Amino acid sequence: MIDAVLLTSPRISTFDDQTYLTNASSFFFSRDERLFLVTSRHVMVDEPSGHHPSRIEIELHNDPENLADSIAFSIPLFRDGKSLWRQGEDTAGDIDVAVIEIDRAALPENIVYRAFGPEHLSDPQEHVEIGSSILVVGFPLGFHDTLHHMPVVRHAVVASSFGFRFQGMGYFLTDARTHRGTSGAPVVMRNTADTASELPWKLLGVHSARLDVGTRDLVLDEALGLNCAWYADILMTLTEG
């Protein structure tokens, strides 16, 4: 039996026309009958690295009886020269989260997926104990179940006070082993109070990147192993209207 949280998170491939560029992670978010794909903003565009895809592809399950079947679903990132995604910002600057709306009518009839919604969001003011066990659901280095087209999860713990803006930014820290390709993955915690729904998880954040210390000796010192996860409540701003 497949855990429903694995069906929330399709693998993203970015393309410049037909030229493959990178892979990343993402997840579905549904609000008021509208469906959005959520990922990191730097998956959509990243000026420092010269990353400018024109479209993305996600891998979708299209047969409820056989999860080994999948199709690639292409989503354009621009129309008439204007970007179709929305990205977040606040008083501290840009937020590394982006959403793009998916036309439900364009999806295959038998698509198998699950989507988080506003009911899954954890209020940053809600007490989440430091050191709490959480999961990052994604595609590290593109690694996944290539037969069933499923993501994998990395175990993590909350590494900074949840609800506080670490160093004034709109994210909290996680302690986990992560890799390239995990950008845009949902950071979730099991909702032990939910015994009835098919998706009993709290959506805490959106994984963005690993953190490091500029003074670290690359020979003598190991990497910190800390990551930033942007608070998921930004999705309510990005999906309104």
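In this predicted model, D32 is exposed, with a relative accessibility of 65%. Its neighbour in the chain is R31, and the two side chains form a salt bridge in which the closest N and O atoms are 3.9 Å apart. R31 itself is buried, because its relative accessible area is 17% and the limit for that word is under 20%. The salt bridge therefore joins a buried residue, R31, to an exposed one, D32.

D32 also has a place in the backbone. Strands β3 and β4 form a hairpin with two residues between them, and in this hairpin D32 takes a positive phi near 50°. Strand β4 covers residues 34-39, and five bridges join β3 to β4 in an antiparallel arrangement. One position to look for in this pairing is F28, whose bridge partner in β4 is L37. Four of the five residues of β3 are buried, so the strand is largely enclosed by the rest of the structure.

The hairpin is part of a wider arrangement. In which order do the strands of the open sheet of four strands stand? The order is β3-β4-β10-β9, and the pairing is antiparallel. Strands β3 (27-31) and β9 (86-90) are at the edges, where each has a single partner strand, so one side of each has no neighbour in the sheet. Neighbouring strands of this sheet are turned against each other by 35° on average, with direction ignored. In general, the strands of a sheet pair through backbone hydrogen bonds, and the pairing can be parallel or antiparallel. At the other edge of this sheet, β9 and β10 run antiparallel and are joined by five bridges. Here G88 has I95 as its bridge partner in β10.

The next step is to look at the aromatic side chains. A pair of aromatic rings is described by two values, the distance of the centres and the angle of the planes. The whole structure has eight aromatic pairs. One of them is formed by F27 and F116, with 5.7 Å from centre to centre and 85° between the planes, an edge-to-face pair. F27 lies in strand β3, while F116 lies in the loop between β10 and β11, so that the pair links parts of the chain 89 residues apart. Are these two rings' residues buried or exposed? F27 counts as buried, because its relative accessibility is 0%. F116 is buried too, with a relative accessible area of 0%.

The rings of F78 and W85 make another pair, with their centres 5.5 Å apart and their planes at 80°, so this pair is edge-to-face. F78 counts as partly exposed at 38% relative accessibility, whereas W85 counts as buried at 10%. Elsewhere, ring pairs link F162, F172 and Y231 into a cluster. An aromatic ring can also face a charged side chain, and R55 lies over the face of F15, at 4.3 Å from the ring centre.

How many salt bridges does the structure hold? There are six, including the one between R11 and E59, where the closest N and O atoms are 3.5 Å apart. R11 lies in strand β1 (residues 11-16) and E59 in strand β5 (residues 55-61), so the salt bridge ties together parts that are 48 residues apart in sequence. E59 is buried, with a relative accessible area of 18%. The side chain of E59 has a further partner, since a polar contact of 2.9 Å joins it to the side chain of H149. E59 thus takes part in a salt bridge with R11 and in a polar contact with H149.

Another of the salt bridges is formed by the side chains of R114 and E198, at 3.3 Å from N to O. Both residues lie in loops: R114 in the one between β10 (93-102) and β11 (133-138), and E198 in the one between β14 (186-190) and β15 (201-211). This pair links distant parts of the chain, 84 residues apart. R114 is partly exposed, with a relative accessible area of 25%, and E198 is exposed, with a relative accessible area of 55%. The loop between β10 and β11 that holds R114 is also the place of F116, the ring partner of F27.

Notes
Residues numbered from 1 in each chain as written. Predicted model: local features only at pLDDT ≥ 70, side-chain atom pairs only at ≥ 80, totals over all residues. Heavy atoms only, no water. Salt bridge = Lys/Arg side-chain N within 4 Å of Asp/Glu carboxyl O. Buried < 20%, exposed > 50% of the residue type's maximum accessible area, 1.4 Å probe, protein only. Pairing = 2+ DSSP bridges. Axes fitted to C-alpha atoms, helices over the stretch in contact; angles between N-to-C directions. Phe/Tyr/Trp six-rings, centres within 6.5 Å; stacked < 30°, edge-to-face > 60°. Lys NZ or Arg CZ within 6 Å of the ring centre and 35° of its normal. Polar contact = N/O pair within 3.5 Å; in protein donor to acceptor, adjacent residues only side chain to side chain.
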